[in-house]
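Me: I would like a close look at one part of this structure. Please start from a single residue and its surroundings. Then show me what lies beyond.

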Amino acid sequence: MQKNFERLPILPKKNGMGHKMKLTNILFNKKIKESAEKIDFNKASQIITNTTINKLMNQKLLFMRYSIFAIIIIIEILLASTLSGWVVSSPIFALMEWLVILLTIIYFFKIISKCFSEHYLTRFYSCCSIIFSIVSCIFSLGLWFVLAAFSSGIKEVYLAQILLQTIITVVVVILVGYAIYKYLQYLAMKELADFDKTLKVPLWGRVVDKSVIYGIVIVIGGMQVYRMNKFWLLNDPSWVSTLLVPIAQTVLGAIIIILLIALPVRFFYPEFVKSYLLQKYAEEFRKENDMTEKEWYTE
């Protein structure tokens, strides 16, 4: 076991806890972190059963996650190559696009190197790499729109339009990134509630969860209703077509946006709290589940 731990960076112990996960520290706010650190082993072992551990250690989906990451990187590279620095008035935006790709690749391989150093964190680290690649793809798409705006060169007649498009794109990208960050925090709070029943899970997160669960059915059903009734709706001058249709389109659009943001994040959510506790009480869980050091710490 010592050999396995020697390969890992060891931080000073705090409250009996060994090395920490930087990603957990970044995504945990103060309230979540304090609540997670208060969970003792007895409480943790009641929720994190042998079935849960087997699920967290299951690597059957790793190939699919890595394939998704590869596809996202290919998309980013294609976007960056489409409008590179030579065809835009300012190559700084193309450099930003390639920088996003480079940082994503570096981060991914850094995560992968950690992924196989401790067997029980494989799912945690691999899911984190996918979430990061999803965010980086969103930023790449935003930068691509900025590149598209500047591809024809800054002309005075189009200057206001270009600046407005750039501002809107940057704001939307930042808001989407922030939405992913807040949704991850909500999922952590929801996970913490299994350990501490006194914690209140944010209502907005439950609404998003319901949208994810029923959103696909609503979107498909709404599209079918519209498809079957669009002929008379488009030709109807009454309030039904002038008011109801725009409202329905707005609602469906909002649900689609929520699905595009929340669905992949939720699917790849790495169960921060359980992974955090598995690392905090690694030896205790290993002994309780009668696993050898080789089974627990290595591939």
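Reply: **Around one arginine**

Start with Arg286. Leaving aside neighbours within four places in sequence, Arg286 is in contact with Met291, Thr292, Glu293, Trp296 and Tyr297. Keep in mind that this is a predicted model.

Where does Arg286 sit? It lies in helix α13. Is it buried or exposed? Its relative accessibility is 10%. Buried means under 20%, so Arg286 counts as buried.

Arg286 also has a charged partner. Its side chain meets that of Glu283 in a salt bridge, with 2.9 Å from N to O. Both residues belong to helix α13, which covers residues 282-288. They are three residues apart, so about one helical turn separates them. A general rule helps here. An α-helix has 3.6 residues a turn, so residues three or four places apart point the same way.

**Salt bridges elsewhere**

How many salt bridges does the structure hold? There are five. One of them joins Asp209 to Lys190, with the closest N and O atoms 3.0 Å apart. This pair links distant parts of the chain. Asp209 is in helix α10 (residues 203-235), while Lys190 is in helix α9 (residues 159-192). In sequence they are 19 residues apart.

The two partners differ in cover. Asp209 is at 5% relative accessibility, so it counts as buried. Lys190 is at 33%, so it counts as partly exposed.

Next comes Lys274. It forms a salt bridge with Glu191, and the closest N and O atoms are 3.5 Å apart. Lys274 lies in helix α12 (residues 272-280), whereas Glu191 lies in helix α9. The pair therefore ties together parts that are 83 residues apart in sequence. Lys274 and Glu191 are both buried.

**A covered helix and its surroundings**

Lys274 has plenty of buried company in its helix. Helix α12 is mostly covered, with nine of its nine residues buried. Among them are Phe272, Val273, Tyr276 and Leu277. Polar and charged names are on the list too, including Ser275, Gln279 and Lys280.

Now look at Leu192, in helix α9. Its relative accessible area is 1%, so Leu192 is buried. How far apart in space are Leu192 and Phe272? From C-alpha to C-alpha, the distance is 9.4 Å. Along the sequence, 80 residues separate them. What does Leu192 touch? Not counting residues up to four places away in sequence, it touches Ile32, Ser35, Ala36, Ile39, Leu199 and Val273. Val273 is one of the buried residues of α12.

**A pocket**

Helix α9 also helps to line a pocket. The second largest pocket has a volume of about 440 Å³. Its lining has 16 residues, and the closest to its centre are Ile138, Leu141, Val176, Leu260 and Ile261. Which helices each supply at least two lining residues? They are α8 (122-150), α9 and α11 (239-267). Helix α11 gives the largest share, six residues.

**A nonpolar patch outside**

Turn to the surface. Leu99, Leu102, Leu103 and Ile106 form a nonpolar patch there. Together they have about 370 Å² of accessible area. Leu99 lies in helix α7, which covers residues 92-115. How accessible is Leu99? Its relative accessible area is 45%. Partly exposed runs between the buried limit of 20% and the exposed limit of 50%, so Leu99 counts as partly exposed.

**The whole chain**

Step back at last. The chain has 14 helices and zero strands. Of its 299 residues, 44% count as buried. The accessible surface comes to about 17,000 Å². Carbon and sulfur atoms account for 69% of that surface.

Contacts across the sequence can be counted as well. Take contacts between residues at least 6 apart in sequence: 77% of these join residues at least 24 apart. The bridge between Lys274 and Glu191 spans 83 residues. The one between Arg286 and Glu283 stays within a single helix, α13.

How values were computed
Residues are numbered from 1 along each chain as its sequence is written. This is a predicted model: local features need pLDDT of at least 70, side-chain atom pairs count only at pLDDT 80 or more; totals for chains, interfaces and linings use all residues. Side-chain values use heavy atoms; hydrogens and water are left out. Patches are made of residues with over 30% relative accessible area and no salt bridge: like charges are joined within 9 Å, nonpolar side chains (Val, Leu, Ile, Met, Phe, Trp, Tyr) within 5 Å. Accessible areas come from the Shrake-Rupley method with a 1.4 Å probe; for residues, only the protein chains shown count as cover. A salt bridge is a side-chain nitrogen of Lys or Arg within 4 Å of a carboxyl oxygen of Asp or Glu. Helices (H or I, at least four residues) and strands (E, at least two) are DSSP runs, numbered from the N terminus. Buried means under 20% relative accessible area, exposed over 50%, partly exposed in between (1.4 Å probe, protein chains only). Contact means heavy atoms within 4.5 Å. On a 1 Å grid over the protein atoms alone, a cavity is a set of points where a 1.4 Å probe fits but cannot get out, and a pocket is an open set with protein on both sides within 12 Å along at least five of seven lines; lining residues have an atom within 4 Å of a point. Grid points are joined across faces, edges and corners, and a volume is the space filled by probe spheres set on the points.
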